[in-house]
Each structure stands twice: as C-alpha cells, then as structure tokens.
Amino acid sequence: MKRSTVEKLAPWITTLGLFTLWQFAVMAFHVETFVLPTPIEAIEQIYVNRYPLMVHGLATLGTTLLGFAFAVTFGLMLGILVGSVRLAYVSLYPILIGFNSVPKAAVIPILVIWFGVGTAPAVIAAFLLSFFPVVVNVSTGFATIEPELLDVLRVLGATRKDMIVKIGIPRSLPFFFASLKIAITLSFVGTVIAEIIAGNNGIGNLMLIASSNFNVPLVFAALLVVGVMGVGMYAIFAALETRFTSWSVRGSGLGVEHAGGG
Amino acid sequence: MAFIEIAGVDLRYGGQPGVDDGTGTTLALANASLTVERNEFVSIVGPSGCGKSTMLKLISGLVRATCGGVRIAGEEIRKPLKTVGMAFQNSTLLPWRNVRDNVLLPLEIVEPYRSQPKSEMATKRKRADDLLATVGLGDFGDRMPWQLSGGMQQRAQLCRALIHEPAILLLDEPFGALDAFTREELWGVLQNLWLRSRCTVILVTHELREAVYLSDIVHVISARPGRVIASSPVPFARPRTLDMTFETDFVDLVHACRHHISVGNAA
C-alpha cells in the first residue's frame, strides 16, 4: 500500500481499534451498562435519540462558535499588542497568566448570577477558555520576529504599520493557526461545562438530564457527538492552516504546535 | 565636501549620551571618522567585534551616535534613510514570499513606487525578473526562499537591496556564511552589479581578499573601541578577475592590510 494511503487510513484504524478494545473489555469484565456502556450501546443511543442530539448538538455548536469568534477577535488584537509593545507585555502578561490559572468551571456560577441561566454563560465560558492560547501564540509570533527582518524594512523608512502588515502578521500566521486548532477544542469544553452547570439546552444539558435518569449510554452518546464535532472543527482549521501557511511546513506534514492552557 | 561624512563619532551601547565611563556600558566606536565619496566602493575591515557593523547602522540611521555627527550629502542623519539598500550576512528573505515578491518588497515601501497604481505591477515584476536574470536567477522568481541554496539566497538579497536604485548600498558581511567557491563567484556578481549601477557601496567584511577585490579604498578599523587606523586605496583597473587576486601587487596589498590589523590589535 502507498504511504499516503496508510497515513489516511491510520486514524480510522486506531479509532476502530480503540472502540473494539472498549467493547471487548466491557464484555469480558461484565461491566454493568449504567457504569460503562459498550460503544455499540452508545452508538445505538445516537441513532435512537438522533433528533434531540441533533438539536442540542447544533445549539452547542452555535454557542461554541460564537464564543470562539469572540476569542479569536479579542485574542488576535491582544496578542498583537502584547507581542509588539514591550510595555504591554510587561504589564499584561502576569494578569493573563493569573487569569488563565483560575478554573473556569468555578467562574460559571458567577456568570449565572450576572447573566442568568442559558446561552450567555456558555458563550462566555467558551470565550474564556479559548482566548488565552490565541493571545500567547500570536504574541509569541510577534515577539520572535528576527530583528534583521525588521531592519530590512526599517532602512527603507517603513512605518510601524508597514512592519506589522508586511512582517508581523504573515510571520505570526503559523502561530495563529496552530492556536485556532487548540482554541476550537477548548471552546467546546467551555460550552459543555457551562451547559452542564447552568444550561437550559445544548449537549451538556442533555447529558445532565440523561445521567440523572441513569441513561448512561445516552451520556456516552452525547460525549461521542461532542468529540466528533471537535474533530470536525479541528480538521477545518487544520485545512485552513495548510492553505495559508504552507511556507512554514515545507512538506514535513507537521505544523507548529503550541500548547495552551485550559 | 564628501558624500558620506562620519566625523568624530563615539558610540556607546547600553548607556545614555553624556554618561561617564565605568557605568557598565560598551564603547563600540571612539572618535571614529570616515569619509566616502559619491559612487565610491569602500570596504571596512577589522577584527571581529570592532564595531564594523555598528558603522553601517550609523550610516543607515538605525542607531544614533552618542556624540559626533553623521552627514550624508551635507544632511545630518536623524532617522532611517529611504535612499539606502541593505543586505545582511544571514538570508533575510521573507520565507512566506517567493523570490520575486521578496525582491519587490522595497517598491512597496519606498516612494515614488509605493503610490504608483496597481497597473504598474507588470512593469515592476518585469524589472524584478530582469534584475534577477543579471545575477543568474532568471528562472527562480517563482521559487520560495527555502528552495534556494545559500549562495542563491544572497544573490536574491542583493537584488532586493538594489531594486529601488538606492544611492547607497550597505553590505554587512553578505558572503560571510558561504563556502569559499560560492563566495568568490559572488564577488564577480557584485562587481557586475556595481559596474552597472555605480551607486555608493560600503562593504563590511573580515575577508581581506574580498575587500581588495571589490573596493576603491579599504579602511582598516582597530579593535574595540573602533576607529579607522589605516586606509589603503586599491589601484587595480576594473573589471577585476579572480586570477588578479593571485598576482604579487594584489597579494602585497592584502598583506599590508593584514599588517595594519595585527598592529592595531597589539596596540
């Protein structure tokens, strides 16, 4: 088989293998369904509850994308500021780190007091969880610009705006796209946590109701749906990354990866 | 009056103008003076860390003198000039642009090219391709920088430094990271470019043969704090050839420069 075919099939085979292992482990150790259902039972629940899962899944997706959009806009602007102005870096970074260390699940009750139960706390939670990696990566991209590259423009009498547009932004794009892949998955985490704690719709809310009914297979079905949506969004941003920053990859097949907090 | 005039310049890193000695600052240049005539090709050689590159940064306006003055065509330099082209030791081609777009970069910054309408783009591209062809990169405009060898990247960098027809070309060890054969080949490329454009060139290098091969005058700078300790005019007619670099006159001149450097180091 060709190498590229192998690489295309590899993730499907591993996933299938993992599910098979899960299936046989549950069967072999006679685990009760309300403790850990088999993947077949979970997938069966996806089919049985396909309409509620779709409605709540789309609600979660919408909430996540809204929070993510705020995170990208805000993160990009703050990242450029922190990365290109020394004073902004010195004064803002400790606050950002401190803020990111706060467990976001603990903040959600406060958001509920402020905004009430529903979509608002979930959007904000998605935003809070995902803006940090964008800020860190974009500012890293800006802060690590080789001074010689800037000198090339400076000796031509370029303005600060020229340097940001011609060098800063293109130079930071690989960092930016790497952060988007992390941020979108973190956005899902934020949304689902908020929906569990204080939602009135969405996948998280569905899970809460299902688990209070001891319908554990449905809980797992919901988790699978979130997982699949996360992988799907990741794939979209990975494709965008390849499209816009192919110069930084050079055919190794691996882009820049920078971990973010959560 | 000389075209470029550096007169009695001190340059101190890490300190403010007027601060006394012994404050943890480095004196890179001390009472350095240098004059360059219009359309002259000048080399600056010296031991490493002597402030050669600092001299270029002074002329380009990237750094300001702690005391003393730098004048170009009678004007005091206060900020980066627009009439300068610069090339560095390491490739500073932008990795996200292909070679042609890299060469075109100065035209996006410098007037009058900057405000020209988009319809001029085809003319500009043609101009970049023609310039690339003169350094043997005619077919490489669409390649990305990482697809080029080190020598080819430096050729492209020279093109970028010259595309806007600057009055002054500043070269900071442009061939320093190349192997000996590629380097000698590029001496010829640079000589041809200069014979065509006849701009004022200041080349910083630690390769004495390169300095003598290319220049009208070789200035030797002392160890830190740097100042000019000797200036040797190079009398050989152009175009010069690599064979000339092995002739007695040429070798004697190289030896004389080397002698100045070792004397300057010992002092």
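Me: pLDDT is the predictor's confidence in each residue, from 0 to 100. What pLDDT does chain B average?

Reply: In this predicted model, chain B averages a pLDDT of 85, and 95% of the residues score at least 70. Among the elements of chain B, strand β5 (residues 75–76) has the lowest mean pLDDT, 80, and strand β8 (residues 200–204) the highest, 93. For chain A the mean is 88, with 94% of its residues at 70 or more. The predictor gives the complex an ipTM of 0.78 and a pTM of 0.78.

Me: Where in chain A does pLDDT stay under 50?

Reply: It does so over residues 251–262 of chain A, for which the model has 26 contacts beyond four places in sequence. Among the elements of chain A, by contrast, even the lowest mean pLDDT is 84, in helix α7 (residues 147–154); the highest, 94, belongs to helix α3 (residues 50–84).

Me: Why is chain B called as compact as a globular protein of its length?

Reply: Chain B has 7 helices and 10 strands. Its radius of gyration is 19 Å, and the globule rule gives 18 Å for 267 residues; the two values are close, so chain B is as compact as a globular protein of that length. Along its principal axes the C-alpha trace spans about 55 × 45 × 35 Å. Buried residues make up 43% of the chain. Of the contacts in chain B with a separation of 6 or more, 73% are between residues 24 or more positions apart.

Me: How do you know that the buried residues of α3(B) line one face of the helix?

Reply: The buried residues are B:Ala128, B:Leu131 and B:Leu132. Seen down the axis of α3(B), they fall within an arc of 100°, and therefore they line one face. That face packs against α2 (99–109) and α4 (150–162) of chain B. On the other side of the helix, B:Ala122, B:Thr123, B:Lys126 and B:Asp130 are exposed.

Me: What span does helix α3 of chain B reach, and what is expected?

Reply: Helix α3(B) covers residues 121–134, 14 residues in total, and reaches 20 Å from its first C-alpha to its last. At 1.5 Å a residue, 20 Å is expected, and the helix is close to that value. After the helix comes B:Gly136, whose phi is positive, near 80°.

Me: Why is A:Gly202 called buried?

Reply: A residue is buried if 20 or more other C-beta atoms lie within 10 Å of its own. A:Gly202 has 29 within 10 Å and is therefore buried. A:Gly202 is found in the loop between α8 (160–198) and α9 (203–212) of chain A. Its contacts beyond four places in sequence include A:His56, A:Ala59, A:Thr60 and A:Glu195. A:Leu53 is 149 residues from A:Gly202 in sequence, yet their C-alpha atoms are 8.6 Å apart.

Me: What makes B:Arg183 partly exposed?

Reply: A residue is buried at 20 or more C-beta neighbours, exposed at 12 or fewer, and partly exposed in between. B:Arg183 has 19 inside 10 Å, so B:Arg183 counts as partly exposed. Its place is in helix α5 (residues 180–197) of chain B. Leaving aside neighbours within four places in sequence, B:Arg183 is in contact with B:Phe175 and B:Leu178.

Me: Why do A:His30 and A:Phe214 count as exposed?

Reply: The cut-off for an exposed residue is 12 or fewer C-beta neighbours. A:His30 has 6 inside 10 Å and therefore counts as exposed; A:Phe214, with 11, also counts as exposed. A:His30 is found in the loop between α1 (3–28) and α2 (39–48) of chain A, and A:Phe214 lies in the loop between α9 and α10 (216–244) of chain A. Phi is positive at A:His30, near 50°, and at A:Phe214, near 60°, although neither A:His30 nor A:Phe214 is glycine.

Me: What omega belongs to the cis peptide bond that joins B:Arg238 and B:Pro239?

Reply: Omega is about -5° for this bond. B:Pro239 is found in the loop between β10 (228–233) and α7 (248–266) of chain B.

Me: Which classes of residue has the side of chain B that touches chain A?

Reply: In the model, 18 residues of chain B are in contact with 14 residues of chain A. The elements that give two or more residues to this side of chain B are β6 (84–87) and α2 of chain B. By class, the side has 14 nonpolar, 3 polar and 1 charged residues.

Notes. Residues numbered from 1 in each chain as written. Chains lettered and ligands numbered in written order. Predicted model: local features only at pLDDT ≥ 70, side-chain atom pairs only at ≥ 80, totals over all residues. Helix = DSSP H or I, 4+ residues; strand = E, 2+ residues; numbered from the N terminus. Expected span 1.5 Å × (residues − 1). Arc of directions from axis to C-beta. Contact = placed C-beta atoms within 7 Å. Nonpolar A, V, L, I, M, F, W, Y, C, P; charged D, E, K, R; others polar. Rg over C-alpha atoms; globule rule 2.2 N^0.38 Å.
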